[in-house]
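Visitor: I'd like a close look at one part of this model, the surroundings of the first ligand. Could you walk me through that site and then show me how the rest of the chain is laid out around it?

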Amino acid sequence: MTEVKRPVVAVFGAGKIGEALLSGLLHGGRSTDELVFTERSAARAAQLTADHGIPSADVADAAERADVLVVAVKPQDIEPLLDELAPVVGPGKLVVSLCAGLPTALFERRLPEGVPVVRVMPNTPMLVNEAMSAISAGAHAGPEHLATVEELMGVVGKVVRVPEAQQDAVTALSGSGPAYFFYLVEAMIDAGILLGIPRAVAQDLIVQSAVGAATMLAQGGDHPVTLREAVTSPAGTTIMAIRELERHGVRAALIDAIEAARDRSRELGAAHDQG
Ligand SMILES: NC(=O)C1=CN([C@@H]2O[C@H](COP(=O)(O)OP(=O)(O)OC[C@H]3O[C@@H](n4cnc5c(N)ncnc54)[C@H](OP(=O)(O)O)[C@@H]3O)[C@@H](O)[C@H]2O)C=CC1
Ligand SMILES: O=C(O)[C@@H]1CCC=N1
């Protein structure tokens with residue numbers, strides 16, 4: 001039987017998301033010699049190698065060793081990295097960007113002609129293999145490149161294909177999405193404190209309610225409205241809370257918040273338009 005060689009993956013910028021991906025790939029069965037990363041700080045690079053056993057390298061070395069080059073620096077840090085990558089990205093490499101807002105066209109403009117680029121918007125539940133990643137092909141990326149990225153990101157969670165024009169909205173929904181849930185949980189724990197429940201107990205009550213609700217949403221197939229209606233008894237407690245949420249405009253606030261995040265993603269991309 002022919003053994004299929006798995007692509008070597010280099011992560012450029014092993015911060016929160018880059019480290020989460022490396023660690024998720026390790027736990028998903030990739031070996032340390034199939035992974036490599038670059039970091040700006042030597043101290044952080046040494047710490048990551050000590051924690052995960054994955055080697056660090058300089059940009060040129062990592063780009064040469066890897067088949068898939070994953071860019072995971074902040075959008076504001078992309079220009080100097082592209083300057084370093086442009087001369088060392090050889091033929092046959094696939095570039096994957098995890099950067100919010102940055103269009104594939106920016107990478108295509110700055111890297112050698114014809115390099116395939118796939119844009120991915122993951123999220124931090126990648127740390128527990130529950131990421132939601134949306135992927136889009138750039139101009140030179142074909143089905144085989146999308147399949148490679150789907151397989152890679154599939155190790156750390158779910159993957160969906162979207163047109164690149166939707167990536168700013170996706171960033172606002174699922175990229176930033178975990179933060180909205182954490183914010184809600186934080187606020188609900190505060191409410192528990194107000195009502196005299198000890199913090200640790202309030203946290204247990206709310207976190208398990210969140211886990212239960214998320215599991216029902218993910219596994220039950222019912223619409224969220226149906227699930228909420230089942231909790232909301234006539235003249236009961238829940239409807240009193242819902243009335244207050246509506247009175248305070250929480251639904252409209254969420255819609256506005258997500259629109260603002262989408263707009264910021266667009267701005268981050270536009271900042272490099274002339275780049
Ligand atoms: N955090 C999240 O939830 C999500 C983030 N993303 C995207 O992922 C990317 C990374 O975000 P995040 O992990 O939060 O950010 P971090 O700042 O935690 O990670 C970026 C890392 O890259 C390092 N770095 C910067 N420039 C270089 C360079 N030229 N060469 C090597 N390393 C470099 C940074 O070092 P230093 O600290 O020294 O600057 C830092 O360690 C962003 O583009 C973001 O939009 C996407 C989805 C979700
Ligand atoms: O806040 C940010 O810009 C990044 C992108 C999506 C989640 N975190």
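Guide: Ligand 1 has 25 residues around it, and the ones that come nearest are G13, G15, I17, C99 and A100. Bear in mind that this is a predicted model, so every number here is computed from predicted coordinates. Two elements give two or more residues to that shell, namely α1 and α4 (78–85). Of the elements, α1 gives the most, with three residues. Sorted by class, the shell around ligand 1 holds 12 nonpolar, eight polar and five charged residues.

A100 is a handy bridge to the other ligand. Besides being one of the residues that come nearest to ligand 1, A100 sits around ligand 2 along with T171, G175 and S176. That second shell has one nonpolar and three polar residues, with no charged ones.

Now follow α1 away from the ligand. The largest nonpolar core counts 55 residues, and the members touching the most others are A10, L69, V70 and V71. Helix α1 (residues 16–27) supplies the largest share of this core, five residues. So α1 turns up twice: it gives the most to the shell around ligand 1, and it gives the largest share to the core. As background, nonpolar side chains in soluble globular proteins tend to be buried together.

V70 is a good residue to click on if you want to see the core from inside. Ignoring neighbours within four places in sequence, V70 is in contact with V9, A10, V11, F12, L21, V96 and L98. A10 appears in that list and is also among the core members that touch the most others.

Zooming out, the chain splits into domain 1 (9–166) and domain 2 (177–267). Their centres, taken over C-alpha atoms, lie 33 Å apart. Five residues from domain 1 and four residues from domain 2 make up the contact. On the side of domain 1 that touches domain 2, two residues are nonpolar, three are polar and none is charged.

For the overall layout, the chain has 12 helices and seven strands. Along the principal axes, its C-alpha atoms fill a box of roughly 65 × 40 × 40 Å. Of the 275 residues in the chain, 32% are buried. Among contacts with a separation of 6 or more, 65% are between residues 24 or more positions apart.

Against that buried core, here are some uncovered spots. Helix α11 (residues 237–247) is hardly covered, with zero buried residues among its 11. Just after α11, G249 takes a positive phi of about 70°. Then there's D256, placed in helix α12 (residues 250–270). D256 counts as exposed because it has 11 other C-beta atoms within 10 Å, and the cut-off for exposed is 12 or fewer. From D256 to L127 is 28 Å, C-alpha to C-alpha, with their positions 129 residues apart in sequence.

A139 makes a nice companion, sitting in the loop between β6 (131–137) and α6 (143–154). A139 is also exposed, because 11 C-beta neighbours lie inside 10 Å. Leaving out neighbours within four places in sequence, A139 is in contact with T104 and E108. A139 and A43 are 96 residues apart along the chain, and 37 Å separate their C-alpha atoms.

Conventions. Residues numbered from 1 in each chain as written. Chains lettered and ligands numbered in written order. Predicted model: local features only at pLDDT ≥ 70, side-chain atom pairs only at ≥ 80, totals over all residues. Near = placed C-beta within 6 Å. Nonpolar A, V, L, I, M, F, W, Y, C, P; charged D, E, K, R; others polar. Domains from an automatic or database assignment. Contact = placed C-beta atoms within 7 Å. Buried ≥ 20, exposed ≤ 12 C-beta atoms within 10 Å, placed from the backbone. Helix = DSSP H or I, 4+ residues; strand = E, 2+ residues; numbered from the N terminus. Core = buried A, V, L, I, M, F, W, Y, C linked by C-beta atoms within 7 Å.
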